[in-house]
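Let's take a friendly walk through this chain, from its overall layout down to single residues. Have the sequence and the 3D view open side by side as you read.

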Amino acid sequence: QRITKYQLLVKDYLKQTRKLDVDCTKLERAVEIMEVVPKRANDMMSFGRLQGYDETIHGRITGQGYLLNQNIFNVQLDSSNKWMEWRVFLFEQMIIFSEEVASKNKFRLPIFIFRKCLKVNAMQLDDKCKESTAFQLTHRPKGGDTEKLILMTSDDSIRQEWISCIQRMLKEQRDWALGFSNPIAFQGKNKH
């Protein structure tokens, strides 16, 4: 609750400072940061309720990069016609799917039970699905079976936000792989 109060305080300070006709660049940047902080804090609090993630199998969660986003999606696995409502956590290196389970105590928040994860470096995105508010992820892990998941939301802005973020992550992965496999070509590409 304090975090949102800080955001309001900085916004008010910026508003008052603008009246003085002085440079507000640093304050504007502070407001931008303070708009992100409450969302990130909320995302991490939600992720803290995840149960069943096995670091010995999937890797340490701290090694997956920043938690970039989290939302509820209807998810369909390629092996099923059934849609499941899952909470999806988007990290820089991994996407984690979980099922929300309501608490038996009405004063407690729900928990999230780990269901599956996809490594970004073995993933492809297809943003053209039959449903206009859906996108498809194809996961091709080394030595594993190819798996397709369709993620659907009722809000197209959420869909667009996730697609943009995943496209950016996949581009960074490709650039990193190019830089690692062919450093000279990578340097030439980044000079322009």
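The report below starts with the whole chain and then turns to its helices, cores, pocket and some individual residues.

## How to read the values

This is a predicted model, where local features need pLDDT of at least 70 and side-chain atom pairs count only at pLDDT 80 or more, while totals for chains, interfaces and linings use all residues. Residues are numbered from 1 along each chain as its sequence is written, and side-chain values use heavy atoms, with hydrogens and water left out.

## The chain as a whole

The chain holds five helices and eight strands; helices (H or I, at least four residues) and strands (E, at least two) are DSSP runs, numbered from the N terminus. Their order along the sequence is α-α-β-α-β-β-β-β-β-β-β-α-α. The C-alpha trace spans about 60 × 60 × 35 Å along its principal axes.

Of the 192 residues, 36% count as buried. Here buried means under 20% relative accessible area, exposed over 50%, and partly exposed in between (1.4 Å probe, protein chains only). Contact means heavy atoms within 4.5 Å. Among contacts between residues at least 6 apart in sequence, 50% join residues at least 24 apart.

## Helix 2 and helix 4

Helix 2 (25-47) has 23 residues, which should span 33 Å at 1.5 Å a residue, and its end C-alpha atoms are indeed 33 Å apart. The expected span of a helix is 1.5 Å times one less than its number of residues. Buried residues of helix 2 are Leu27, Val31, Met34, Pro38, Asp43, Ser46 and Phe47. They pack against helix 1, strand 1 (50-51), strand 2, strand 3 (83-91), strand 4 (94-101) and strand 5 (111-119).

Helix 4, with 26 residues, reaches 37 Å from its first C-alpha to its last, close to the 38 Å expected at 1.5 Å a residue. Its buried residues include Ile158, Trp162, Ile163, Ile166, Met169 and Leu170, and also Arg159, Gln173 and Asp175.

## Two nonpolar cores

A nonpolar core is a set of buried Ala, Val, Leu, Ile, Met, Phe, Trp, Tyr and Cys residues joined through side-chain atoms within 4.5 Å. The largest one has 23 residues, and Phe97, Leu137, Leu151 and Ile166 touch the most other members. Strand 2, strand 3, strand 4, strand 7 (134-139), strand 8 (147-152) and helix 4 each supply at least two residues of this core. Helix 4 gives the largest share, seven residues. Apart from this core lies another, of 12 residues, among them Leu50, Met94, Ile96 and Phe112.

Which residues does Leu137 contact, leaving aside its neighbours within four places in sequence? Among them are Ile95, Phe97, Leu118, Met123, Leu125, Leu149, Leu151 and Ile166.

## The largest pocket

About 210 Å³ of space lies in the largest pocket. On a 1 Å grid over the protein atoms alone, a pocket is an open set of points where a 1.4 Å probe fits, with protein on both sides within 12 Å along at least five of seven lines; lining residues have an atom within 4 Å of a point. Grid points are joined across faces, edges and corners, and a volume is the space filled by probe spheres set on the points.

The lining consists of Val36, Lys39, Arg40, Asp43, Leu68, Asn69, Glu161, Ser164, Cys165 and Arg168. Helix 2, strand 2 (67-77) and helix 4 (156-181) each supply at least two of these residues. By class, the lining has three nonpolar, two polar and five charged residues.

## Residues to look at

Leu90 is found in strand 3 and counts as buried because its relative accessibility is 0%. Beyond its neighbours within four places in sequence, Leu90 is in contact with residues including Tyr66, Leu68, Ile95, Trp162 and Ile166. Thr17 lies in helix 1 (residues 2-18) and is also buried, at 11% relative accessibility. With the same neighbours left aside, Thr17 is in contact with Val22, Cys24 and Leu27.

Asp21 sits in the loop between helix 1 and helix 2, where Asp21 is exposed, with a relative accessible area of 72%. Although not a glycine, Asp21 has a positive phi of about 60°. Asn121, in the loop between strand 5 and strand 6 (123-126), counts as exposed at 58% relative accessibility.

Methods. Ala, Val, Leu, Ile, Met, Phe, Trp, Tyr, Cys and Pro count as nonpolar, Asp, Glu, Lys and Arg as charged, and the others, Gly among them, as polar.
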